[in-house]
Amino acid sequence: MSNPTRLVIFGRQGAGKGTQCIRLVERYGVIHISTGDMLRGAVAAGTEMGLKAKKVMDAGDLVGDDIINGIVRERLAADDIAENGFVLDGYPRTVAQAEALVQILGTDSLDGAVDLDVPLEEVTQRMKARGRDDDTDEGIARRLELYELETRPVLDWFAARDLLVQVDGLADEAEVTKRLFAAVDAATSAS
Ligand code: ADP
């Protein structure tokens with residue numbers, strides 16, 4: 001069998017990462033690791049970490065690097081990941097997290113990172129229509145601001161290592177999926 005696919009997906013809040021990750025799971029057999037979903041799981045379970053995280057998430061701020069790195073490290077160590085590969089969604093979101101990821105995985109072990117690019121005005125409209133707990137006007141503005149401040153440098157970090165592929169996410173879902181598959185196919189055959 002060929003090596004399992006190992007990907008990171010970037011994109012602004014509301015860019016459609018969640019939907020497209022479902023397609024990636026179907027096509028590449030990877031496991032979807034969403035740090036946002038994991039944190040919401042911890043909140044729902046009422047764990048101590050979940051209670052702390054909820055305040056941070058409701059404000060649209062970032063949970064501390066140490067906590068999130070620990071969660072991801074543990075998840076990536078599981079056997080199903082070695083067997084099936086993964087798509088990381090929502091991580092890394094800071095350069096410190098990107099550096100932690102390299103430590104966790106080793107340097108040559110990612111096939112690539114995809115940036116699902118959707119303009120700011122469009123994602124703002126989409127998120128207002130979605131209505132998640134943290135989708136208040138202030139929460140949305142703060143998360144988008146932090147994306148530019150904290151996550152843009154992570155995109156540059158991946159680009160500098162020739163690991164970043166841009167995908168234009170401004171199209172209907174099926175068309176975006178097609179573009180994404182083409183980008184991932186190119187990334188996995190190149191690595
Ligand atoms: P969105 O992409 O809409 O911000 P996510 O589901 O990815 O939604 O994340 C929701 C919230 O969870 C974030 O606003 C943040 O508070 C927290 N979070 C998720 N991933 C991370 C991360 N890698 N580092 C820090 N905080 C995170």
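Q: In which pocket does the ligand sit?
A: The model is a predicted one, and the placement of the ligand in it can be stated by rank among the pockets. A molecule is taken to sit in a pocket if more than half of its atoms lie within 2 Å of the grid points of that pocket. By that criterion, the ligand sits in the largest pocket.

Q: How many residues surround the ligand, and which helix gives the most to this shell?
A: The shell around the ligand holds 18 residues, and the closest are T35, D61, G90, R93 and R143. By class, this shell has 6 nonpolar, 5 polar and 7 charged residues. The helix that gives the most to the shell, with 4 residues, spans residues 35-45 and is helix α2.

Q: Which distance separates an oxygen atom of the ligand from an N or O atom in the side chain of R143?
A: Polar side-chain atoms approach the ligand from several residues, among them Q97, with a polar side-chain atom 2.9 Å from a nitrogen atom of the ligand. An N or O atom in the side chain of R93 is 2.9 Å from an oxygen atom of the ligand. For the side chain of R143, the corresponding distance to a ligand oxygen atom is 2.8 Å.

Q: What percentage of the area that the ligand exposes when taken alone does the protein bury?
A: Taken alone, the ligand exposes 540 Å². Of that area, the share that the protein buries is 97%.

Q: Which side chain makes a polar contact with the side chain of D135, and is D135 buried or exposed?
A: D135 is found in the loop between α7 (120-130) and α8, and its side chain makes a polar contact at 3.2 Å with the side chain of R143. The relative accessible area of D135 is 10%; because buried means under 20%, D135 counts as buried.

Q: Why is T151 classed as buried?
A: T151 has its place in helix α8 (residues 137-160), and its side chain reaches the backbone oxygen of R93 at 2.9 Å. Because the cut-off for buried is under 20% relative accessible area, T151 is classed as buried with its value of 3%.

Q: How far apart in space are T136 and A59, C-alpha to C-alpha?
A: T136 is found in the loop between α7 and α8, where it is partly exposed, with a relative accessible area of 35%. The side chain of T136 reaches the backbone nitrogen of G139 at 3.0 Å. T136 and A59 are 77 residues apart in sequence, while their C-alpha to C-alpha separation in space is 9.1 Å.

Note on methods: Residues numbered from 1 in each chain as written. Predicted model: local features only at pLDDT ≥ 70, side-chain atom pairs only at ≥ 80, totals over all residues. Heavy atoms only, no water. Near = heavy atom within 4 Å. Polar contact = N/O pair within 3.5 Å; in protein donor to acceptor, adjacent residues only side chain to side chain. Areas by Shrake-Rupley, 256 points an atom, 1.4 Å probe, with all protein chains shown as cover. 1 Å grid on protein atoms, 1.4 Å probe; cavity = no way out; pocket = protein on both sides within 12 Å on 5 of 7 lines; lining within 4 Å. Helix = DSSP H or I, 4+ residues; strand = E, 2+ residues; numbered from the N terminus. Nonpolar A, V, L, I, M, F, W, Y, C, P; charged D, E, K, R; others polar. Buried < 20%, exposed > 50% of the residue type's maximum accessible area, 1.4 Å probe, protein only.
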